[in-house]
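Here is a short briefing on one protein chain. Please keep the sequence and the 3D view open while reading.

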Amino acid sequence: VIPFGFKLLASGTKDFSSESRLYSNFYFQSSGQVAVLPSMFLRPVEDVFKSLWLGSPNGINFYENINEAINDTSDYIYANTPGTYYYETKLTSTEDVGPSGEHIARYAFKAANYNASGKWNLAVTLFMGDSGIITWNHYQVPAAWVSGIQELSNSDIAKLTDYTDLRYRFEASTSGVLGFGDVLFVSWAELEVPSGTVGKSHIDI
């Protein structure tokens, strides 16, 4: 049974040595028990660059439209001008990240395309400072909300050496001719990372 409020992020090998050791997101102890490292959720806390994007209902602090714990599509950032331009937001700062384990990017988006010949494209990039870590491209964004769920590879995780300056960049681009009312929406963003703090709850293995 996994203690409530925790999530097993990866598996490990049981260890009965005299020392406690950290394997993935389990903290194995010589007693034969294992503590589970909880997840942390890094969410937008600051606007870095707005360009031609807009925010609703908060048209000043755009990040407040996309930083809820649970996706709420009644508030969002949006693009409605043809061309290629981006919005960038800084995520929660932390120095307490586990040495290994899953990193999962999540975000939600959709488009309103009234002109059949025009389409929105969205590129989502995870940045560390000014360095791009990985980009996820979404072409011809549909009219229904899409949940982007992306698991970072071990090589991408290895590039993350500074968790105090992680950012998401949402780059809008268009193809064809957009009509009046053609809009690209982003309603939510977060990054799940393993906590570096061993949880107090334990499970027998």
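The points below cover strands, backbone geometry, aromatic rings and two polar residues.

This is a predicted model. An open sheet of five strands runs in the order β5-β8-β13-β10-β11, with antiparallel pairing. Ring pairs come to 10. Two side chains, those of Asp165 and Asn121, are followed contact by contact.

**The five-stranded sheet**

- The sheet is open, and its strand order is β5-β8-β13-β10-β11.
- β5 (44-49) and β11 are the edge strands, each pairing on one side only.
- From one strand to the next, the twist averages 25°.
- At one edge, β5 pairs with β8 (residues 85-91) in the antiparallel sense, over four bridges.
- Pro44 has Leu91 in β8 as its bridge partner.
- At the other edge, β10 (residues 119-128) and β11 (residues 131-138) are antiparallel and share seven bridges.
- Leu122 stands opposite His138 in β11.
- β10 and β11 form a hairpin, with two residues between them.
- Gly129 sits in that turn and has a positive phi of about 65°.

**Backbone exceptions**

- Most residues other than glycine have a negative phi, and most peptide bonds are trans.
- Ser51 departs from this pattern, with a positive phi near 50°.
- Ser51 belongs to the loop between β5 and β6, and counts as partly exposed at 36% relative accessibility.
- Gln140 is a non-glycine residue with positive phi too, near 50°.
- Gln140 lies in the loop between β11 and β12 (146-151).
- Its relative accessibility is 54%, so Gln140 counts as exposed, the cut-off being over 50%.
- The peptide bond between Ser56 and Pro57 is cis, with omega at about 5°.
- Pro57 is placed in the loop between β6 (54-56) and β7 (76-79).

**Aromatic pairs and cluster**

- How many aromatic pairs are there? The count is 10.
- The ring centres of Tyr78 and Phe185 are 6.4 Å apart and the planes meet at 40°, so this pair is tilted.
- Tyr78 is in strand β7 and Phe185 in strand β14 (residues 183-194), so the pair ties together parts 107 residues apart in sequence.
- Tyr78 and Phe185 are both buried.
- Tyr168 and Phe170 also make a tilted pair, because their centres are 6.0 Å apart and their planes are at 50°.
- Tyr168 is buried, at 0% relative accessible area.
- Phe170 is likewise buried, and its relative accessible area is 0%.
- Which residues do ring pairs link into a cluster? They are Tyr107, Phe109, Trp136, Tyr168 and Phe170.

**Charges over rings**

- Lys110 lies over the face of Phe185, 5.6 Å from the ring centre.
- Phe185 thus has two roles here, since the ring of Tyr78 pairs with it as a tilted partner.
- Arg169 lies over the face of Tyr86, at 3.8 Å from the ring centre.

**Asp165: a loop residue**

- Asp165 is in the loop between α1 (154-158) and β13 (166-175).
- Is Asp165 buried or exposed? Its relative accessibility is 17%, so it counts as buried, the cut-off being under 20%.
- The side chain of Asp165 makes a polar contact of 3.1 Å with the side chain of Arg167.
- Beyond neighbours within four places in sequence, Asp165 is in contact with Lys90, Phe127, Met128 and Gly129.
- Gly129 in that list is the hairpin turn residue with positive phi.

**Asn121: a strand residue**

- Asn121 lies in strand β10.
- At 12% relative accessibility, Asn121 counts as buried.
- The Asn121 side chain reaches the backbone nitrogen of Gln140 at 2.9 Å.
- Gln140 is the loop residue with a positive phi near 50°, and it counts as exposed.
- Leaving out residues up to four places away in sequence, Asn121 touches His138, Tyr139, Gln140 and Val141, among others.
- Its further contacts include Glu171, Ala172, Ser173, Thr174, Ser175 and Leu184.

Terms used: Residues are numbered from 1 along each chain as its sequence is written. This is a predicted model: local features need pLDDT of at least 70, side-chain atom pairs count only at pLDDT 80 or more; totals for chains, interfaces and linings use all residues. Side-chain values use heavy atoms; hydrogens and water are left out. Two strands pair if DSSP finds at least two bridges between them. Axes are lines fitted to C-alpha atoms, for helices over the stretch in contact, and angles run from 0 to 180 degrees between N-to-C directions. Buried means under 20% relative accessible area, exposed over 50%, partly exposed in between (1.4 Å probe, protein chains only). A polar contact is a pair of N or O atoms within 3.5 Å; within protein, one must be able to donate a hydrogen and the other to accept it, and residues adjacent in sequence count only if both atoms are side-chain atoms. Contact means heavy atoms within 4.5 Å. Rings of Phe, Tyr and Trp (its six-membered ring) pair if their centres lie within 6.5 Å; planes under 30 degrees apart count as stacked, over 60 as edge-to-face and the rest as tilted. A charge sits over a ring if NZ of Lys or CZ of Arg is within 6 Å of the ring centre and within 35 degrees of the ring normal.
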